[in-house]
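Work through these exercises with the structure open beside you. Try each task before you read its solution.

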Amino acid sequence: MSKNQIRSIKGTQDILPKESLKWRVLEKKIHDTMELFNYGEIRTPAFEKTELFDRGVGLQTDIVTKEMYSWIDQGGESLTLKPELTAPVSRAYVQHSLGVQKPLTKLYYIDALFRRERPQKGRQRQFHQFGIEAFGSNFAEQDAEIIALAWHLLAHFRLTNKIDLQVNSIGESECRAGYREALKQFLKPHFDELSEISKRRFKTN
């Protein structure tokens with residue numbers, strides 16, 4: 001092999017024909033299941049305005065502070081390869097007034113995401129993710145449906161015997177405020193032991 005041969009970037013991978021066949025089986029099952037439960041597929045652009053992730057994900061998260069692929073384009077606008085999908089899907093939901101078309105909007109995606117982190121076993125700089133977003137319901141049953149969908153897919157691929165499903169909740173907004181304050185009181189005596197980023201999050205997030 002020539003020393004000058006261009007190779008794939010560390011933290012990325014080629015999906016060759018033998019592997020892509022397995023991907024197609026997996027993706028077909030996802031598509032069929034989502035259609036059965038009346039979820040529509042959404043595909044968002046590979047990159048978005050950087051401020052979408054600053055606002056949607058949070059300025060103090062690892063994703064925003066050190067993991068995003070961002071650049072300034074020729075027009076002076078800051079753009080970012082999407083590191084997660086909730087923010088882009090929410091942007092599309094608002095931009096295209098999907099909530100006006102349907103009181104309950106149920107969406108799913110299978111997409112490539114990008115994070116500039118040190119590659120390690122099981123983690124890639126370009127990786128693929130399946131996910132679900134539901135807008136318009138205030139009922140816990142919607143959350144339960146999404147959990148059931150995930151379990152249904154895992155069971156189909158015989159993975160449930162390796163997984164322990166635990167359901168937890170910090171309640172409604174009033175409960176979250178109390179939980180947040182209790183957590184801060186718990187952490188205060190240990191504040192000096194926290195990492196620098198955790199100290200910043202203690203105050204801002």
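The exercises below go from the whole chain to single residues, and the model they use is a predicted one.

**Exercise 1. The fold in outline**

Task: State how many helices and strands the protein has, and give their order.

Solution:
- Step 1. Count the elements. There are 8 helices and 6 strands.
- Step 2. Read them from the N terminus. The order is α-β-β-α-α-β-β-α-α-β-β-α-α-α.
- Step 3. Add the dimensions. The C-alpha trace spans about 60 × 45 × 45 Å along its principal axes.
- Step 4. Turn to contacts between residues at least 6 apart in sequence. Of these, 64% join residues at least 24 apart.

**Exercise 2. Surface and charge**

Task: Describe the surface of the protein and its charged side chains.

Solution:
- Step 1. Take the exposed area, which is about 15100 Å². Carbon and sulfur atoms supply 53% of that area.
- Step 2. Take the buried share. Buried residues make up 25% of the 205 residues.
- Step 3. Count the charges: 32 side chains are positive and 27 are negative.
- Step 4. Locate the two sets. Their centres lie 7 Å apart.

**Exercise 3. The largest pocket**

Task: Find the largest pocket and say which helix gives the most to its lining.

Solution:
- Step 1. Recall the method. Rolling a probe the size of a water molecule over the atoms shows where empty space is left.
- Step 2. Note the volume. The largest pocket holds about 270 Å³ of space.
- Step 3. List the lining residues. They are Asn138, Ala140, Asp143, Ala144, Ile147, Val167, Asn168, Ser169, Gly171, Glu172 and Arg176.
- Step 4. Name the helix. Helix α6, residues 140–156, gives the most to this lining, with 4 residues.

**Exercise 4. Ala112**

Task: Decide whether Ala112 is buried or exposed, and list what it touches.

Solution:
- Step 1. Place the residue. Ala112 sits in strand β5, which covers residues 105–114.
- Step 2. Apply the cut-off. Ala112 has 15% relative accessibility, and buried means under 20%, so Ala112 is buried.
- Step 3. Leave out residues up to four places away in sequence. Ala112 then touches Lys82, Gln126, Phe127 and His128.
- Step 4. Look at a residue further along the chain. Ile163 is 51 residues from Ala112, and their C-alpha atoms are separated by 25 Å.

**Exercise 5. Positive phi angles**

Task: Examine the phi angles of Ser97 and Arg158, then say how exposed each residue is.

Solution:
- Step 1. Start from the usual case. Most residues other than glycine have a negative phi.
- Step 2. Check Ser97. Its phi is positive, near 50°.
- Step 3. Place Ser97. It lies in the loop between α4 (86–95) and α5 (98–101).
- Step 4. Look at the helix that Ser97 follows. In α4, Ala87, Pro88, Val89, Ala92 and Tyr93 are buried.
- Step 5. Judge Ser97 itself. Its relative accessible area is 38%, so Ser97 is partly exposed.
- Step 6. Check Arg158. Its phi is also positive, near 55°.
- Step 7. Place Arg158. It is in the loop between α6 and α7, and α7 covers residues 173–187.
- Step 8. Judge Arg158. Its relative accessible area is 73%, and exposed means over 50%, so Arg158 is exposed.

**Exercise 6. Two loop residues**

Task: Give the location and exposure of Lys162 and Leu194, with one C-alpha distance for each.

Solution:
- Step 1. Place Lys162. It is found in the loop between α6 and α7.
- Step 2. Judge Lys162. Its relative accessibility is 69%, so Lys162 counts as exposed.
- Step 3. Take the distance to Glu133. Lys162 and Glu133 are 29 residues apart along the chain, and their C-alpha atoms are separated by 25 Å.
- Step 4. Place Leu194. It is found in the loop between α7 and α8, and α8 covers residues 196–204.
- Step 5. Judge Leu194. Its relative accessible area is 21%, so Leu194 is partly exposed.
- Step 6. Take the distance to His152. Leu194 and His152 are 42 residues apart in sequence and 39 Å apart in space, C-alpha to C-alpha.

Technical notes: Residues are numbered from 1 along each chain as its sequence is written. This is a predicted model: local features need pLDDT of at least 70, side-chain atom pairs count only at pLDDT 80 or more; totals for chains, interfaces and linings use all residues. Side-chain values use heavy atoms; hydrogens and water are left out. Buried means under 20% relative accessible area, exposed over 50%, partly exposed in between (1.4 Å probe, protein chains only). Contact means heavy atoms within 4.5 Å. Accessible areas come from the Shrake-Rupley method with a 1.4 Å probe; for residues, only the protein chains shown count as cover. Lys and Arg count as positive and Asp and Glu as negative; His and the chain ends are not counted. The place of a charge is taken as NZ of Lys, CZ of Arg, CG of Asp or CD of Glu. On a 1 Å grid over the protein atoms alone, a cavity is a set of points where a 1.4 Å probe fits but cannot get out, and a pocket is an open set with protein on both sides within 12 Å along at least five of seven lines; lining residues have an atom within 4 Å of a point. Grid points are joined across faces, edges and corners, and a volume is the space filled by probe spheres set on the points.
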